[in-house]
Amino acid sequence: MGSVETSNKDTNGSLLNKNPTIVFVLGGPGSGKGTQCANVVEHFGYTHLSAGDLLRAEIKSGSENGTMIQNMIKEGKIVPSEVTIKLLQRAIQESGNDKFLIDGFPRNEENRAAFEKVTGIEPTFVLYFDCPEEEMERRLLSRNQGREDDNIETIRKRFKVFLESSLPVINYYDAKGKVRKIDAARPVEEVFESAKAVFGPKTEKA
Ligand SMILES: Nc1ncnc2c1ncn2[C@@H]1O[C@H](COP(=O)(O)OP(=O)(O)OP(=O)(O)O)[C@@H](O)[C@H]1O
Ligand SMILES: O=c1ccn([C@@H]2O[C@H](COP(=O)(O)O)[C@@H](O)[C@H]2O)c(=O)[nH]1
Ligand SMILES: [Mg+2]
């Protein structure tokens, strides 16, 4: 595993020069982050980067970190920041866009601090999909996408990690006035109406 690149013009110049809009999309497992990001992409022209999807693609690619990532995902654990941040940086740079929904990251305080240090970027705001555990559990158990972590044992571990490690990140940004909290326990269309209000008519594609 390599070290995290430090913030400087050579490694991050193109990222910083574009001064991208970054929205962190957070919420418990199964709260509907991916579902709503797809809607936001459609309406507002953002690029959706799911950290979990990038990690799963890394496993499939046969990367040297693949086995480690796979084991951590099976246990619901958080992959080291340096791995996830490198994948995000690469995806941002390859996208050609300047506005991003970063879904499911940062997952803990270390992720958050490392991302800000490496990229020099703070999110414009944080979209937080708030949903009760019973509803998230129901959704995950009927998702049927063949995810190795959608079983009750791993789901419980993921809920625990969310409460202990990810909620503090949301609280950190809340204290800075950056959190836009949405009641995600409603039908998809209603949740999206609330999300639309956050992004606002000014950024909607014609
Ligand atoms: N508002 C909703 N009402 C009912 N079902 C929903 C709603 N939003 C999403 N779902 C369904 O719940 C499941 C989980 O949704 P999704 O994959 O978007 O969640 P997620 O937050 O990205 O989960 P994860 O953190 O595990 O990646 C999917 O099967 C999706 O179709
Ligand atoms: O920043 C991240 C994002 C994800 N993980 C690991 O992946 C799984 C699945 O993530 P989803 O967002 O539900 O797709 C998660 O439980 C972690 O094990 C990560 O380590 N860091
Ligand atoms: Mg998801």
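**Exercise 1. Find which residues lie on the face of α9 turned away from its buried side, and describe the helix.**

Solution. Step 1: the face of α9 turned away from its buried side carries Glu189, Glu193 and Ala197, which are exposed. A residue is exposed if 12 or fewer other C-beta atoms lie within 10 Å of its own, buried if 20 or more do, and partly exposed in between, with C-beta atoms placed from the backbone. The model is predicted: local features need pLDDT of at least 70 and side-chain atom pairs count only at pLDDT 80 or more, while totals for chains, interfaces and linings use all residues. Residues are numbered from 1 along each chain as its sequence is written, and chains are lettered from A and ligands numbered from 1 in the order in which they are written.

Step 2: the buried residues of α9 are Val191, Phe192 and Ala195. Seen down the helix axis, they fall within an arc of 95°, so they line one face of α9. The arc is that of the directions from the helix axis to the C-beta atoms.

Step 3: among the elements that cover these buried residues are α2, β4 (125-130) and β5 (179-183). Helices (H or I, at least four residues) and strands (E, at least two) are DSSP runs, numbered from the N terminus.

Step 4: α9 has 12 residues and reaches 16 Å from its first C-alpha to its last, close to the 16 Å expected at 1.5 Å a residue. The expected span is 1.5 Å times one less than the number of residues. Just after α9, Gly200 takes a positive phi of about 80°.

**Exercise 2. Describe the shell around ligand 1.**

Solution. Step 1: ligand 1 is surrounded by 15 residues, and the closest are Gly32, Lys33, Gly34, Thr35 and Arg139. A residue is near a molecule if its C-beta atom, placed from the backbone, lies within 6 Å of it.

Step 2: α2 (33-44) and α9 (188-199) each supply at least two residues of this shell. With three residues, α2 gives the most.

Step 3: sort the shell by type: four residues are nonpolar, eight polar and three charged. Here Ala, Val, Leu, Ile, Met, Phe, Trp, Tyr, Cys and Pro count as nonpolar, Asp, Glu, Lys and Arg as charged, and the others, Gly among them, as polar.

**Exercise 3. Relate helix α3 to ligand 2.**

Solution. Step 1: in α3 (residues 51-60), the residues Ala51, Leu54, Leu55 and Glu58 are buried. Seen down the axis of α3, they fall within an arc of 100°, so they line one face of the helix.

Step 2: these buried residues pack against β2 (47-50), α4 (66-74), α5 (81-95) and β3.

Step 3: ligand 2 is surrounded by 17 residues, the closest being Ala51, Gly52, Val79, Gly104 and Phe105. The largest share of this shell, three residues, comes from α3. By type, the shell has eight nonpolar, five polar and four charged residues.

**Exercise 4. Place Asn111 and the cis peptide bond.**

Solution. Step 1: Asn111 lies in helix α6 and is buried, with 21 other C-beta atoms within 10 Å.

Step 2: leaving aside neighbours within four places in sequence, Asn111 is in contact (C-beta atoms, placed from the backbone, within 7 Å) with Ser81, Thr84, Phe105 and Pro106.

Step 3: the peptide bond from Phe105 to Pro106 is cis, with omega near 0°. Pro106 sits in the loop between β3 (99-103) and α6 (109-119).

Definitions and conventions. Contact = placed C-beta atoms within 7 Å.
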